[in-house]
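Here are a few exercises to work through with the model open in your viewer. Try each task before you read its solution.

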Amino acid sequence: MSVPESYQMGSIVKSDEVEKSLPLRSYSKWSPTDQGATIVWRDLCVYATGSGFGGSVNAKNLKRIINNSSGAVQPGSLMALMGSSGSGKTTLMSTLAYRQPAGTVVQGDILINGRRIGPFMHRISGYVYQDDLFNGTLTVLEHMYFMANLKLDRRVKSKERDQIITDLLERTGLIHSSNTRIGTIDDKKVLSGGERKRLAFAVELLNSPVIIFCDEPTTGLDSFSAQQLVNTLHELAKKGTTILCTIHQPSSQLFSMFNNVLLLADGRVAFNGSPDKALAFFAEQGYECPKAYNPADFLIGVLASTPGSERASQRTASYLCDLYAVSSAAKQRETIVNLEFHMAESADYPFESETDEFKSQFWPWKFYILWYRATLITFRDPTIQTLRFIQKIALALLIGVCFAGTLDSTQLGVQAVQGLLFLMISENTYHPMYSILNVFPSGFPLFLRESRSGMYSTAQYYLAINSALLPAMILEPVVFVVISYWISGLRATAFAFTTVLICVVLVMNAATACGIFFSTAFNSVPLAMAYLVPLDYIFMITSGIFIKISTLPFVFSWTQYVSWMLYANEAMTIAQWKGVENITCFQDRAELPCLANGKDVLDKYSFSEDRVHLDIFSILVIYFVFHFLAYICLLRKARRI
Ligand SMILES: Nc1ncnc2c1ncn2[C@@H]1O[C@H](COP(=O)(O)OP(=O)(O)OP(=O)(O)O)[C@@H](O)[C@H]1O
């Protein structure tokens, strides 16, 4: 990015200097990369709809969070957005960044160099969230690699990309931690809070944003790390980047590095301008900052509500906001705002810019990157893979040994075979279905953040996650069937073995798809469980082993069409009994009913022997229907604002 001369100045840029030295922007083209970004907003109101996720918006429930706010931030500004807790800092900043929180509606205008904000904001700006979200099993370098591949223009060559990553890791002091795992709170050898913050920051710098939004970047950092981080922001501002930063209780030294301040009280602007002017304005109104007092603490303290006298504090804050609205400082801001709006209205040029020319990575490449990341995470997390695999082998051995020698052509043998088939189906239904319930929701917050910032689509994410899970979803049931089938001594024909193998693999995948659907359809795992448990009971009861399907009560007869357990049971039973003759009856209990051959066995369960292909096809249909429904639910979640 070319840097205007006027931004390249001494170590600390005071706001007045910035504003006096700002060259007039060229109004003949829209190019924030060349000229820096001026953000202006006018009569901005943000309302909480009170409808939570996705409910209907009712005017009565609207709560105003940002109240008729106007302001301007110019290139080279390092602006501190301050106010007491709940004053609306995060809401204002995320709205200006085109990343407004879910459950809010926005009224008013926000312009970047005269262009109304839109999805292009994700290209030209970076947003460092208050809470960092990472995949803890990845290393710093891996995370940067994945992010670079998802965020950078596809014309950036791989060598160039690696150089960008190395430079950023060096600049943020993370180069020596490149191979350290990011970790989670429970891990021992992980990045520190400050390092995590710096990593989040490095990711946002990948595409050289012209505007950076930071939500409380110094919270949780020691004074040295906080100072380092603000130094970096300060350096970027000096080069012409527009920076907005919500900040809580900065030290005097830290505060002195900001050349601009926006004070909020109850969603209203109490001051927007240089820190010196803010102190002078407050002094004029009778609120003089005592000497040797931290000016940031003082400014926030005047606007904050004092316990015990909340109403009086609110009146004071409101009075100061009124006074600011008619002050000369506000008029100065208004001039910039009005000029920008005037130029935007009178300008008649297409918004063609380097941002619109940005070439995102190709669809298959993004899919590959997401698949690679998901596979790496899956393999690194032993709770998902290794333990499950060991457990599966142990169960297959146990089941095989228990049934060994019992599966002969007798009446008891029929019972044992049917029992074993049911065990094979249920073991590959319940465990995968319930264990997947947590896998998808645990990745939702990161997915929502990344997809809403335009890094990838829901379809790419959904397909990538499922493709990463697929090898295990095939290998696990195959190992299970191979061990349990041959040890127990089920029918030793290619047709019987292949049918059981295919059915068990499909059962596991259909059950997993069902689990994924429930986890995407509901907002919490307990809620998903609450609906899934009754359904799985219905599937179990109607699986064909406990009740003859033709005798099902009318109200439950539909379940036979959606139960993969029933389809699998039918196909596997046919494979074991089709063409079997001479099943021995009870020798000493002639009065007991006898299933004399395979046909009798199939009749007993209302199974017809030519339905194997139809059963397999039906499980496949169920698999795709659940995945389709799960995808639709995920899509709805991703689109909710
Ligand atoms: N989606 C929402 N629905 C309802 N209320 C909301 C919503 N988002 C924010 N609010 C409310 O709006 C007010 C401002 O919230 P915001 O997070 O912007 O404040 P803040 O100044 O950043 O606070 P803090 O410094 O504690 O992070 C709070 O009272 C908050 O409860």
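**Exercise 1: a strand pair and its sheet**

How many bridges join strand β7 to strand β8, and do the two run parallel or antiparallel? Then place the pair in its sheet and find what packs on that sheet.

*Solution.* A word on the source to begin with: this is a predicted model.

Step 1. Take residues 211-215 for β7 and residues 242-246 for β8; five bridges join them, and the strands run parallel. One partner to look for is Cys214, which is bridged to Cys245 in β8.

Step 2. Now widen the view. The open sheet has six strands, ordered β6-β7-β8-β3-β9-β10, with mixed pairing. At the edges are β6 (125-128) and β10 (268-273), each of which pairs on one side only. Ignoring direction, neighbouring strands of this sheet are turned by 15° against each other on average.

Step 3. Add the helices. Helix α3 packs on the sheet and touches β3 (78-83), β7, β8 and β9 (260-265). The direction of α3 makes about 155° with that of β8. Helix α12 (residues 310-325) also packs on the sheet, where it touches β9 and β10. The direction of α12 makes about 50° with that of β10.

**Exercise 2: the shell around the ligand**

Work out which element gives the largest share of the shell around the ligand, and describe the shell by residue class.

*Solution.* Step 1. The ligand has 14 residues around it, and those that come nearest are Ala48, Ser85, Thr90, Thr91 and Gly103.

Step 2. Sort by element: β2 (63-73) and α3 (89-96) each supply at least two residues of the shell. The largest share, three residues, comes from α3.

Step 3. Sort by class: the shell has nine polar, three nonpolar and two charged residues.

**Exercise 3: one residue in a helix**

Why does Val481 count as buried? Find out what surrounds this residue too.

*Solution.* Step 1. Locate Val481 in helix α18 (residues 458-488).

Step 2. Count the C-beta atoms. Val481 is buried because 21 other C-beta atoms lie within 10 Å, and the cut-off is 20 or more.

Step 3. Set aside the neighbours within four places in sequence; Val481 is then in contact with Val500, Leu501 and Val504. Gly400 lies 81 residues from Val481 in sequence, with a C-alpha to C-alpha distance of 9.5 Å.

Step 4. Finish with the whole protein: of its 641 residues, 39% count as buried. Its secondary structure comes to 24 helices and 10 strands.

Terms used:
Residues numbered from 1 in each chain as written. Predicted model: local features only at pLDDT ≥ 70, side-chain atom pairs only at ≥ 80, totals over all residues. Near = placed C-beta within 6 Å. Helix = DSSP H or I, 4+ residues; strand = E, 2+ residues; numbered from the N terminus. Nonpolar A, V, L, I, M, F, W, Y, C, P; charged D, E, K, R; others polar. Pairing = 2+ DSSP bridges. Axes fitted to C-alpha atoms, helices over the stretch in contact; angles between N-to-C directions. Contact = placed C-beta atoms within 7 Å. Buried ≥ 20, exposed ≤ 12 C-beta atoms within 10 Å, placed from the backbone.
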